[in-house]
Amino acid sequence: MPNRSTDTVFQLIKSLEKSEKRNFKLYVTRNSSSEELKVVQLFDALDKMEEYDEAVLLKKNPEIKKQQLSNLKAHLYKQVLSSLRLINDESNIDIVLHEQMDHARILYNKGLYLQSLRILDKIKEQAKAKNQLTYLQQVLFFEKNIEALYITRSLQDRADQLSKESDEVNNSLSLVSQLSDLSLQLYSWYINHGHARNEKEETEVQLFFKERLGEKAVLCKTFYERLYLYQSFCWAAFIRQDFLQYYRYTQKWVNLFEEEPYMIEIETAHYIKGMHNLMGSHFDLGNHQKLQETLAEFKKFCDSSIVEHNINNKIQCFVYYNISLLNKHFLEGSFSKGLELVPEIEEKLNEYYIYLDRHRILVFYYKIACMYFGSGDYDHTIDFLNKIINWKVDLRSDLQCYSRLLHLIAHYEVGNYEILDHLIKSVYRFMAKMQNLSIVEEEIFKFLRTSFQLSVTRIKPELEKLLGKLRKHQDNRFETRAFMYLDIISWLESKLENVPVQEVLKKKFAGKRNIEVNQ
């Protein structure tokens, strides 16, 4: 995967569609000053580059001097944004309301106060209809300003009405702010740590959640109040691995958009994330049928104009649809079939590399590595795990730990016994440092230390012994994370039956389907 460029102008230009590039050229060449012409030259030069390299840029474009570059880039950045602003996006309520606010301000500055108030009334109606509280607050502040400075005689008891409306909006915004803070803090905890590893962490998260939530749940009535309330409950349940409650609140999250479908276009990213979490909850609960149904529904949405005409929506849909598709193959045990997705996923990861956060890339690498492991291709498993292990350890310590453990087991499968002793010590130290050693992991390490050089006949009893020990912990809430990240039970069963892991999982999946059909 190419290195990310941190140059903001380069990133912005690379994000442009062909029509947007054409619009920029038309916009900027209206003024034919020498500075504007240099801006166009810089734009063309950056557009042709695959990766940003200042030395190469200056060498290939001698008319652009190094001392000018910083100012030219700043001017180019501003001009590109200005040209994009002129492309009227009627589907974006923020842009529409902001434009109308600009018109109201222009009329106010002209001294046309009643005309300004009429526009503000229209904005207020639209803002209420589309749940846009921040714009509603701005309108009310502007209206109060006009009424305080000028006698408009626009309405009797105007002061009391504006005061009441302001209080309602401010109270709602305060509640939304507190709940969105809570949701973000819980999500941040998960990104940094993963699931709760023990009772202490679970108690800390639960206490944090309850203290900050307080009695707010009963106050939630509006769209955004309920949205952030459901998100907060989702993350709290997910961290604690209460997957049933996680499912209930992800469903409430998605239902919220079904109750007010026009909000899908306004808050598309939140809708996509809600669908992702709903599909994730079906996966965590092992509900294959529901996952398949929701995947089909999400695929229809991914093909809609809302997604196709917006690069951000397109990227989010690519990420979450493919993660859920991989999850479906995990449930089915169809790893070889799932691997057919990998070339296209890698191609898209390269195409979207400037937009994707590292967390999502790590998740893809780990799932692909597990897919190769399940199919019995341990060399490719190691390749993808190395991508994670060689990355900076500053988020998802849980993924980093289990990547190292799976990496160790893959080397064991390949027969790289000469490095196993070193790997065992290294991985054990890392997981201990990250406080990620549960009973399950301790048992796995104990087995690897003593058994990796045993003959096939002598190792079978040790495998059976380990399998028996681990099965005792399958229902322990604080041990389930080990089975979520690494299906060690199926791996042990595959070793005992001398078949690939995917064959074990296919058999389990078929057995589960038969039970469902007979019920």
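The buried residues of H7 pack against helix H6 (93–109), helix H8 (133–149) and H9. The model is a predicted one, and this helix is a convenient place to enter it. H7 is made up of 17 residues, and the distance from its first C-alpha to its last is 24 Å, close to the 24 Å expected at 1.5 Å a residue. Its buried residues are Ser116, Leu117, Leu120, Ile123, Lys124 and Ala127. These residues lie on the same side of H7, because they cover an arc of only 120° around the axis. An α-helix has 3.6 residues a turn, so residues three or four places apart point the same way. On the face of H7 turned away from the buried side sit Arg118, Lys122 and Glu125, which are exposed. Just after H7 comes asparagine 131, with a positive phi of about 60°.

H7 also takes part in a charged contact. The side chains of lysine 128 and glutamate 165 form a salt bridge, at 3.3 Å from N to O. Lysine 128 belongs to helix H7 (residues 113–129) and glutamate 165 to helix H9 (residues 158–193), so the salt bridge ties together parts that are 37 residues apart in sequence. The two partners can be described by their accessibility: lysine 128 is partly exposed, with a relative accessible area of 46%, whereas glutamate 165 is buried, at 13%. The pair belongs to a network of salt bridges that links Lys124, Lys128, Glu143 and Glu165. Lys124 is thus named both in this network and among the buried residues of H7.

The structure holds 21 salt bridges, and two further examples can be set beside the one above. Arginine 226 and glutamate 260 meet through their side chains in a salt bridge of 3.8 Å, N to O. This pair links distant parts of the chain, 34 residues apart: arginine 226 is in helix H11 (residues 223–239), and glutamate 260 is in the loop between helix H12 (243–259) and helix H13 (263–266). Arginine 226 counts as buried at 18% relative accessibility, and glutamate 260 is buried with a relative accessible area of 14%. The cut-off for buried is under 20%.

The other example lies within one helix. Glutamate 332 and lysine 328 form a side-chain salt bridge of 2.9 Å, N to O. They are 4 residues apart in helix H17 (residues 311–332), so about one helical turn separates them. Both glutamate 332 and lysine 328 are buried.

From the charged pairs, the path leads to the nonpolar interior. The largest nonpolar core has 134 residues, and those with the most contacts inside it are Leu120, Phe298, Tyr366, Leu405, Leu408, Ile488 and Trp491. The largest share of this core, 13 residues, comes from H11. Leu120 connects this account with the start, as one of the buried residues of H7. Leaving aside neighbours within four places in sequence, phenylalanine 298 is in contact with Ile272, Met275, Met279, Cys317, Tyr320 and Tyr321. Apart from the largest core lies another core, of 25 residues, among them Phe10, Leu12, Phe43 and Leu46.

A polar residue can be buried as well. Asparagine 277 is found in helix H14 (residues 268–284) and is buried, with a relative accessible area of 3%. Its contacts, leaving aside neighbours within four places in sequence, are with Trp235, Tyr246, Thr250 and Trp253.

Further along the chain, aspartate 487 has its place in the loop between helix H26 (480–485) and helix H27 (488–497). At 33% relative accessibility, aspartate 487 counts as partly exposed. Aspartate 487 and glycine 374 are 113 residues apart in sequence, while their C-alpha atoms are 9.4 Å apart in space.

The values for the whole chain complete the picture. The protein chain has 28 helices and 0 strands. Its C-alpha trace spans about 95 × 65 × 45 Å along the principal axes. Of its 519 residues, 49% count as buried. Among contacts with a separation of 6 or more, 67% are between residues 24 or more positions apart. The accessible surface of the protein chain is about 26,600 Å², and 50% of that surface belongs to carbon and sulfur atoms.

Note on methods
Residues numbered from 1 in each chain as written. Predicted model: local features only at pLDDT ≥ 70, side-chain atom pairs only at ≥ 80, totals over all residues. Heavy atoms only, no water. Salt bridge = Lys/Arg side-chain N within 4 Å of Asp/Glu carboxyl O. Helix = DSSP H or I, 4+ residues; strand = E, 2+ residues; numbered from the N terminus. Buried < 20%, exposed > 50% of the residue type's maximum accessible area, 1.4 Å probe, protein only. Expected span 1.5 Å × (residues − 1). Arc of directions from axis to C-beta. Contact = heavy atoms within 4.5 Å. Core = buried A, V, L, I, M, F, W, Y, C linked by side-chain atoms within 4.5 Å. Areas by Shrake-Rupley, 256 points an atom, 1.4 Å probe, with all protein chains shown as cover.
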